[in-house]
Amino acid sequence: MIKLKDILLESTAPDIFIPRRMEDRASRYINSLIKQYINDGNHGNLDFSSFGLRELPPILKGITVYGYFDCSNQDNTILHRDNQSKNILKTLENSPKIVYGNFYCHNIELESFKGAPEVINGEFNCSYNKLTSLEYIPKTVNRDFYFRNNTVKFTEKEIRTVCDVKGRVIL
């Protein structure tokens with residue numbers, strides 16, 4: 001039998017104090033936020049910036065977002081010192097189908113547009129990633145398209161050939 005006095009006098013915490021299933025808790029929390037968002041009629045923004053995501057939750061797939069959608073990372077390096085809160089998404093699988101506001105997916109180590117929304121009515125920022133192809137790019141971006149600092153540098157003409165960008169293309 002473990003006595004409380006013995007536990008408190010040990011120099012390191014025993015395993016019984018290590019939280020269990022943190023990923024499950026985070027996943028349940030994110031899913032509950034999304035369910036609440038859907039129950040509220042999809043109005044407002046969905047902000048998952050710096051949530052420590054490794055993939056977008058499947059519950060997002062096919063929904064319409066009537067605000068902005070953010071799965072980017074804050075630029076604050078102190079926030080990501082341990083990479084626990086840094087989103088690292090290789091693709092945009094499970095993204096909402098349509099986003100009426102801006103779509104932010106910058107600085108997440110993105111390698112492919114696979115799963116990206118078909119239509120983004122606001123700005124689209126996919127800067128500071130590892131993109132090498134324009135395959136699966138959104139069909140329409142109704143405002144500005146930010147494509148700075150990616151692995152491959154595409155021209156404005158190449159981007160506009162595969163995506164109907166109504167605003168500026170910022171390279």
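**Loop residues, a surface patch and two cysteines**

Mentor: N149 is found in the loop between β9 (145-146) and α3 (156-162). Please keep in mind that this is a predicted model.

Trainee: What is the phi of N149?

Mentor: Phi of N149 is near 50°, a positive value in a residue that is not glycine.

Trainee: And is N149 buried, partly exposed or exposed?

Mentor: N149 counts as partly exposed, because its relative accessibility is 45%.

Trainee: What about N94, where does that one lie?

Mentor: N94 lies in the loop between β3 (69-70) and β4 (98-99). Its phi is near 75°, again a positive value in a residue other than glycine. N94 is buried, with a relative accessible area of 16%.

Trainee: Changing topic: which residues make the nonpolar surface patch?

Mentor: Y29, L33 and F51 make a nonpolar surface patch of about 260 Å².

Trainee: Where is F51 placed?

Mentor: F51 sits in the loop between β1 (46-47) and β2 (64-65). At 31% relative accessibility, F51 is classed as partly exposed.

Trainee: How many disulfides does a search of the whole structure find?

Mentor: The search finds 0 disulfides.

Trainee: Why is there no bond between C105 and C126?

Mentor: The sulfur of C105 has its closest cysteine sulfur in C126, but the distance is 5.3 Å, so they are too far apart for a bond. A disulfide requires the sulfur atoms to be within 2.5 Å.

Trainee: Are those cysteines buried or exposed?

Mentor: C105 counts as buried, at 0% relative accessibility. C126 is likewise buried, at 0%.

Methods
Residues are numbered from 1 along each chain as its sequence is written. This is a predicted model: local features need pLDDT of at least 70, side-chain atom pairs count only at pLDDT 80 or more; totals for chains, interfaces and linings use all residues. Side-chain values use heavy atoms; hydrogens and water are left out. Patches are made of residues with over 30% relative accessible area and no salt bridge: like charges are joined within 9 Å, nonpolar side chains (Val, Leu, Ile, Met, Phe, Trp, Tyr) within 5 Å. Accessible areas come from the Shrake-Rupley method with a 1.4 Å probe; for residues, only the protein chains shown count as cover. A salt bridge is a side-chain nitrogen of Lys or Arg within 4 Å of a carboxyl oxygen of Asp or Glu. Helices (H or I, at least four residues) and strands (E, at least two) are DSSP runs, numbered from the N terminus. Buried means under 20% relative accessible area, exposed over 50%, partly exposed in between (1.4 Å probe, protein chains only).
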